[in-house]
Amino acid sequence: MDSAILADPTDNKRTRGPQVSETRATTPVYPPGRYGRRREPGRRRSLPLVLAAVVCGVVALGVSWAYYQKFGQTDYSPEIVGWNEPTDAQMVIKFRVRVPDGEVASCMLRARDYQGYEVGTRTVQVPAESGGGEVVVTESVPTTARGSVGDVMSCRPA
């Protein structure tokens, strides 16, 4: 250290005296009746808290399962396979849809341009194959401008 900078020569020492500790050897004694009843140190009773958390978790799982069964996986689930090089007047979209046996799916197709604006829509009917399952469909969507992306917006029972 540079002693010319320090104001007091005692600042050059690493310590300024003996180190003092504030730890107490005994617990404090309070006057009786002055601060209310003191809790006895001991085990916390966390069983009700754990039980409430388990009950809340089971209820949340039950609600999640119910909503999945109601709104989750549908019988009519579409998936885009691809589309052709579009022209200014149409876009051909190829998609796959799962249709239950004996049912007909009504699917809404959409063509969008490069900026994401909708340039054409069409609703198509997709009958199920024998035994049900997935059906691969290729359909043309008329457009008002050159499209760049083809979508299957939804498939529902017809």
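## A tour of the sheet, the salt bridges and one aromatic pair

Start by selecting Asp151, which is buried at a relative accessible area of 14%. Keep in mind that you are looking at a predicted model. Now add Arg110: these two side chains form a salt bridge, and their closest N and O atoms are 3.1 Å apart. Because Asp151 sits in strand S6 and Arg110 in strand S3, the pair ties together parts of the chain that are 41 residues apart in sequence. Is Arg110 buried or partly exposed? Colour by accessibility and you'll find Arg110 partly exposed, at 22% relative accessibility.

**Next, the sheet around that pair**

Switch to cartoon view and pick out S4, S3 and S6. They make an open sheet of three strands, in the order S4-S3-S6, and the pairing is antiparallel. The edges belong to S4 (118-127) and S6 (149-157); each has a single partner strand, so one side of each has no neighbour in the sheet. Look along the sheet and you can follow its twist, which averages 20° from one strand to the next. As a reminder of what holds such things together, strands of a sheet pair through backbone hydrogen bonds, either parallel or antiparallel.

Now zoom in on S3 (residues 104-112) and S4. How many bridges join S3 to S4? There are nine, with the two strands running antiparallel. Two spots to click on: Met108 has Thr123 in S4 as its bridge partner, and Cys107 stands opposite Val124 in S4.

Follow the chain round the hairpin of S3 and S4, where five residues lie between the strands. Stop at Gly116 in this hairpin, which takes a positive phi near 100°.

**More salt bridges**

Side chains of opposite charge can pair when their charged atoms come close. The structure holds six salt bridges, so there are others to visit after Asp151 and Arg110.

From S4, select Arg122 and then Glu139. They form a salt bridge, with the closest N and O atoms 3.0 Å apart. Arg122 belongs to strand S4 and Glu139 to strand S5, so this pair ties together parts 17 residues apart in sequence. Arg122 counts as partly exposed, at 32% relative accessibility.

Now go to Arg146, in the loop between strand S5 (133-142) and S6. Which side chain does Arg146 meet in a salt bridge? Select Asp88 and you'll see the contact, at 3.3 Å from N to O. Asp88 is in a loop too, the one between strand S1 (78-83) and strand S2 (90-99), and the pair links distant parts of the chain, 58 residues apart. Arg146 itself is partly exposed, with a relative accessible area of 44%.

For a busier arrangement, show Glu79, Arg96 and Glu134 together: these residues are linked in a network of salt bridges.

**Last stop, helix H1**

Finish on helix H1 (residues 47-71) and bring up Trp65 and Tyr68, which are three residues apart there, about one helical turn. The structure holds one aromatic pair, and Trp65 and Tyr68 form it. How are the two rings arranged? The pair is tilted, at 6.2 Å centre to centre with 35° between the planes. Turn on the surface for a final look: Trp65 counts as exposed, at 56% relative accessibility, while Tyr68 is partly exposed, with a relative accessible area of 44%.

Definitions and conventions: Residues are numbered from 1 along each chain as its sequence is written. This is a predicted model: local features need pLDDT of at least 70, side-chain atom pairs count only at pLDDT 80 or more; totals for chains, interfaces and linings use all residues. Side-chain values use heavy atoms; hydrogens and water are left out. Two strands pair if DSSP finds at least two bridges between them. Helices (H or I, at least four residues) and strands (E, at least two) are DSSP runs, numbered from the N terminus. Axes are lines fitted to C-alpha atoms, for helices over the stretch in contact, and angles run from 0 to 180 degrees between N-to-C directions. A salt bridge is a side-chain nitrogen of Lys or Arg within 4 Å of a carboxyl oxygen of Asp or Glu. Buried means under 20% relative accessible area, exposed over 50%, partly exposed in between (1.4 Å probe, protein chains only). Rings of Phe, Tyr and Trp (its six-membered ring) pair if their centres lie within 6.5 Å; planes under 30 degrees apart count as stacked, over 60 as edge-to-face and the rest as tilted.
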